[in-house]
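Welcome! Take a moment to look over the sequence and turn the structure around on your screen. The paragraphs below walk through it a piece at a time.

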Amino acid sequence: MSQQQLSAGICTRLNEASATEIEELGSGYTIQILSIKKVNAIPNTAAPTVDRYRVIISDGVHFVQAMIATQLNELVLKEQIIKNTIVVIDKLTCNFVQDKRLIIILDLHVVSRDEDKIGSPTAPPSLAATSAVGAPAAANASVSMAPQPPASTSTGIGPAQTRSVPSGRPGKSIYPIEGLSPYQNNWTIKARVTQKSEVKHWSNQRGEGKLFNVTLMDETGEIRATGFNAVVDELYDKLEEGKVYYISKARVNLAKKKFSNVQNDYELGFEKNTEVEECVDASNMPMVRYNFIPLSSLEDLPKDSTCDVIGIVKEVSPLSEITSKATNRTVPKRELTIVDKSLYSVRMTIWGKQAETFAADDLPVVAFKGVKVGDFGGRSLSMLSSSYMTISPDIEEAHLLRGWYDGIGAEKAFQSHSSALSSGGSSFGVFNRNEMRHISDVKEAQLGMSDKADFFSVRATVMHIKTDNIAYPACPTQGCNKKLTEVNDGWRCEKCDKTFERPEYRYIMSMAVSDWSGQAWLQGFNDAGLAVFGKTADEVMELKERNEAEYNALMAQSAGRTFNFSCRAKQDTYNDQTRVRYGISKINLLDYHEEAKCLRDLLMQSTWAQ
């Protein structure tokens, strides 16, 4: 590409234009990226940071420095934009702080990557103290343009974004959320409330109080804001999900990452003098941004990470309650089963008022943002206080999923991220011949030693079953299965808050299995016991009470049988000792007809058989 094809003069115009003129520049300017550099994180900060990238852009004659908005980071990470890439800027803005100017590129598209440097660009002429970022040399890609203190642009600390003055806000400049920092005062943001929590009450040695939080979003990013005590009374009812507000005079603090999954290194603290004004014209404000992953990919995410998912609500459990260990208060909960086009299902737990009011008679599409990944049942999801869900959202992904499910998805079979660690629940693991391993291979490969679980299939023979603790007294309420406590007048379930005349026993067993290469101990629950003994746990426990000799004979007869096992290997720490537990996800008796067919197909696929 020649110099004539770049947008001549755009760098000088960006460097010299006033705040209002920058807004009027529009888009569609072709420039060359001379360099890309990752901005250093704030030193001595434990909180994880969002990567930021500084670029030098050129029109062939002059150059200026700019920041790439964080939503474009993927282009850098995937090397879609590199040194000397030609791009068209589709959207930009400009911030000012401490008499410094900083351009933020909000959107762009790539024209060409394999280019040489065009022209010999130099820094544009200075405009006294309000000049551009003031790079001393065009070839120096590592020049720092951050205002003092020097760490201020490393994590989205940009100067104020100046837009055309909005109607009803005379004399007020609008800052981007991405540009907020503790080093700034007298800012105003225009943001949409994408999530609002319930009012939470707390009590400790220092007293009692209440708080709430909201997630705010504009076109540059998101930030979490929290209000305490009197501020709750002032602002809680004023802020509504989905609406857009002008917000100013709030405190900017370092984000407490353990309480938030919002991708911002800072958060806002609402104060008594914080100003909140509803914005009537919200036409240019984005809605919620999602980064959906398929349910089949949950196994690749570490426990306690957060993600966005979208699915069809296939099942809804009855409303139940748990007692919080921290506050000793009861919390309503409800469990949903959601499915998607990856043909996986997963359990989603929702809490509080959302659990109480949730209704899904028509199998709706629900989008979830910022939900927590757990390892119960292999993989499970749970909403956090900062998570939010939208029922039947008006987005492309929801319409596509709805059409797929109504067309062919309803007839599909869905696989669960099964786990033997679920407390007696059904397993939905699938015996996969492609994952078949010998026991010695499993141990040599150290499956289960990493942070995430490993899955494998094995054909093995039961050698010994531990008989001293083979079942536990479970709650007979459907879907509960919690262990009962024997009391004077029967058996009590603390979860259901009910007392029963007798329990329903469920298997919890440990057995040694062996193949030609070695031996391993497997742990199984009710499905495993039913397959091994062919009797319910109630029947086996009754036999043990009635006739110890017959019980021992049953244990002996059950040994020596061969099964196909689907297993989950995961580290477990007990009494300060770490070991790998092998849990049974699925157990099947051998089908010799099917085994013979597999051997035949294996022979027919070999080269010598042809």
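What follows is a guided tour, from the overall picture to single residues.

Please keep in mind that this is a predicted model. The protein has 610 residues, of which 48% count as buried. Its secondary structure comes to eleven helices and 33 strands. How do contacts in the protein spread along the sequence? Among those between residues at least 6 apart in sequence, 65% join residues at least 24 apart.

Let us begin with the loops. Between helix 3 (73-77) and strand 4 (86-97) there is a loop that holds E79. Its backbone is worth a look: E79 is not a glycine, and yet its phi is positive, at about 60 degrees. Further along the chain, G179 sits in the loop between strand 7 (174-175) and strand 8 (188-196). Is G179 buried or exposed? Its relative accessible area is 0%, so G179 is buried. If you would like a distance to trace, go from the C-alpha of G179 to that of I189: the two residues are ten apart in sequence and 9.8 Å apart in space.

Now move on to some paired strands. Strand 16 (residues 306-316) has pairing partners that include strand 20 (residues 365-374), joined to strand 16 by six bridges in the antiparallel sense. Here G311 stands opposite V366 of strand 20. Strand 16 also runs antiparallel to strand 18 (residues 330-339), with four bridges between them. In this pair, I312 faces V339 of strand 18 as its opposite residue.

From strand 18, follow the chain into the loop that leads to strand 19, where you will find L343. Its phi is near 65 degrees, another positive value in a residue other than glycine. L343 has a relative accessible area of 31%, so it counts as partly exposed. Next look at S345, which lies within strand 19 (residues 344-351). With a relative accessibility of 12%, S345 counts as buried, because the cut-off for that is under 20%. Which residues does S345 touch, not counting those up to four places away in sequence? They are L295, T337, I338, V339, F414, Q415, S416 and H417. V339 appears here again, having been named as the residue opposite I312.

The next stop is the nonpolar interior. In soluble globular proteins, nonpolar side chains tend to be buried together. The largest nonpolar core of this model has 33 residues, and those touching the most other members are I470, M511, F533 and F565. Strand 24 (residues 454-465) gives the most to this core, with five residues. Apart from this core lies another one, of 25 residues, including Y236, A250, Y266 and L268. To see the surroundings of M511, leave aside its neighbours within four places in sequence: M511 is in contact with V462, H464, I465, A520, W521, L522, V532, F565, I584 and I587.

Strands 30 and 31 come next. Strand 30 (residues 509-515) runs antiparallel to strand 31 (residues 518-524), and seven bridges join them. A hairpin of two residues links strand 30 to strand 31. At M509, the residue standing opposite is G524 of strand 31. Strand 31 is also joined to strand 33 (residues 577-589), by two bridges and in the parallel sense. There, L522 has Y582 of strand 33 as its bridge partner.

A small sheet can be found a little earlier in the sequence. Its three strands are arranged in the order 26-27-28, forming an open sheet with antiparallel pairing. Which strands lie at its edges? Strand 26 (485-487) and strand 28 (498-500) do, each pairing on one side only. Neighbouring strands are turned against each other by 40 degrees on average, direction ignored. Three bridges connect strand 26 with strand 27 (residues 490-493), and E486 stands opposite W491 of strand 27.

Finally, turn to a pair of helices. Helix 9 (residues 537-546) packs against helix 10 (residues 548-558) at an angle of about 135 degrees, and their axes are 5 Å apart. That angle makes helix 9 oblique to helix 10. Helix 9 brings V540, L543, K544 and R546 to the contact, while helix 10 brings E548, E550, Y551, L554 and M555. By class, this contact has five nonpolar, four charged and no polar residues.

Conventions: Residues are numbered from 1 along each chain as its sequence is written. This is a predicted model: local features need pLDDT of at least 70, side-chain atom pairs count only at pLDDT 80 or more; totals for chains, interfaces and linings use all residues. Side-chain values use heavy atoms; hydrogens and water are left out. Axes are lines fitted to C-alpha atoms, for helices over the stretch in contact, and angles run from 0 to 180 degrees between N-to-C directions. Angles under 35 degrees count as roughly parallel, over 145 as roughly antiparallel, 65 to 115 as roughly perpendicular and the rest as oblique. Contact means heavy atoms within 4.5 Å. Ala, Val, Leu, Ile, Met, Phe, Trp, Tyr, Cys and Pro count as nonpolar, Asp, Glu, Lys and Arg as charged, and the others, Gly among them, as polar. Two strands pair if DSSP finds at least two bridges between them. A nonpolar core is a set of buried Ala, Val, Leu, Ile, Met, Phe, Trp, Tyr and Cys residues joined through side-chain atoms within 4.5 Å. Buried means under 20% relative accessible area, exposed over 50%, partly exposed in between (1.4 Å probe, protein chains only).
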